[in-house]
Amino acid sequence: MIEKKIFEGNKAELVVSGVDSSFMNSIRRTLLSEIPKLAIDEVIFYENSSPLTNEILAHRLSMLPIPTEMDLFVPKDQCVCEGAGCPNCTLIYTLSKEGPCTVYSGDLEAQRSEFSIKDKDIPITELAEGQRLILEAMATLGTANKHASYQAAFAVGYKNYPVISIDYSKCDLGKTCIDACPPNIIKKEGNRIVIEDIEKCTLCKECENRCEFGAIKVTYDPEKFIFRFETDGALEPEEVLKKAIEMLDKKLESFSSQMFTVEEEKQ
Ligand SMILES: [Zn+2]
């Protein structure tokens, strides 16, 4: 059950309950390596007198967040063009700049304007007076298990939901736990100790270890998780999560239908 979901810009935070860590890990791994994303994977240099070599420039270009419409493209190796490159599998960008200037991601001109790079201020290289950079870059659809430039989700992680209990019959209100807490979430309100934002608890147990009366206990709910991840802007976090769940669902469906066939064959 999803108890909370926040999608803000490129970041996502969810509180999920009634599941175990292997379920959360399946989603984490799918997000990290199986979501299709567009990335530049081929560059033709017509002129490069910049201080950077073709290889370094190509690597920098491959890491740019290319706006992705997963359903509009097919992976190049599965396309009808058989890998030659066509509008179904390849998106072309061109760049032509002469110094003195800084070349930014926004200088790449997309063949189709709806795929212009949204984050236009990513620096690619500096050009001095008379230096030129003229190139054509091809973006294709891929997944991170093929190459890291296709990674759609980053900083994907989850932790168990913290449970903090205070035994007021033992608590002397001496503020030891308040001073010990690294994220500073334990506060004193009147003659009570309160937890201000329990989701910020890192489960470090500093408060529990420092309290000599054993008044505060930190544990966690084994079936409830705080799940966070972000994207580089190529895809919306909500879209990425939906796709991951869809992919897991498909895998399980295919597994279950194969199980059924095996059982039938046995009889
Ligand atoms: Zn094609």
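Two strands are taken to pair if DSSP finds at least two bridges between them. In this predicted model, strand β10 (residues 186-189) and strand β11 (residues 192-195) meet that condition, being joined by four bridges and running antiparallel. Within this pair, E189 stands opposite R192 of β11. The hairpin formed by β10 and β11 has two residues between its strands, and G190 adopts a positive phi near 65° there. The two faces of β11 are unlike in their surroundings: I193 and I195 belong to a covered face, whereas R192 and V194 belong to an uncovered one. Thus R192, the residue opposite E189, lies on the uncovered face of β11.

An open sheet is formed by four strands, with antiparallel pairing and the order β3-β8-β4-β6. Strands β3 (37-48) and β6 (109-110) each have a single partner strand and stand at the edges, so one side of each is left without a neighbour in the sheet. The pairing of β6 with β4 (residues 90-98) is antiparallel and extends over two bridges. In this pairing, Y93 has A110 of β6 as its bridge partner. On the other side of the order, helix α2 (residues 54-62) lies across β3 and β8 (132-142). The direction of α2 is at about 150° to that of β3.

Several loops contain backbone features that merit separate description. In the loop between β4 and β5 (101-104) is P100. The peptide bond that joins G99 and P100 is cis, with omega of about 5°.

Positive phi values also occur at two residues that are not glycines. E82, in the loop between α2 and β4, has a phi of about 55° although it is not a glycine. A residue counts as exposed if 12 or fewer other C-beta atoms lie within 10 Å of its own. E82 has 11 C-beta neighbours inside 10 Å and therefore counts as exposed. K205 is likewise not a glycine, yet has a positive phi of about 65°. The loop that holds K205 runs between β11 and α4 (206-210). With 14 other C-beta atoms within 10 Å, K205 is partly exposed, because a residue must have 12 or fewer to be exposed and 20 or more to be buried.

Notes
Residues are numbered from 1 along each chain as its sequence is written. This is a predicted model: local features need pLDDT of at least 70, side-chain atom pairs count only at pLDDT 80 or more; totals for chains, interfaces and linings use all residues. Two residues are in contact if their C-beta atoms, placed from the backbone, lie within 7 Å. Axes are lines fitted to C-alpha atoms, for helices over the stretch in contact, and angles run from 0 to 180 degrees between N-to-C directions.
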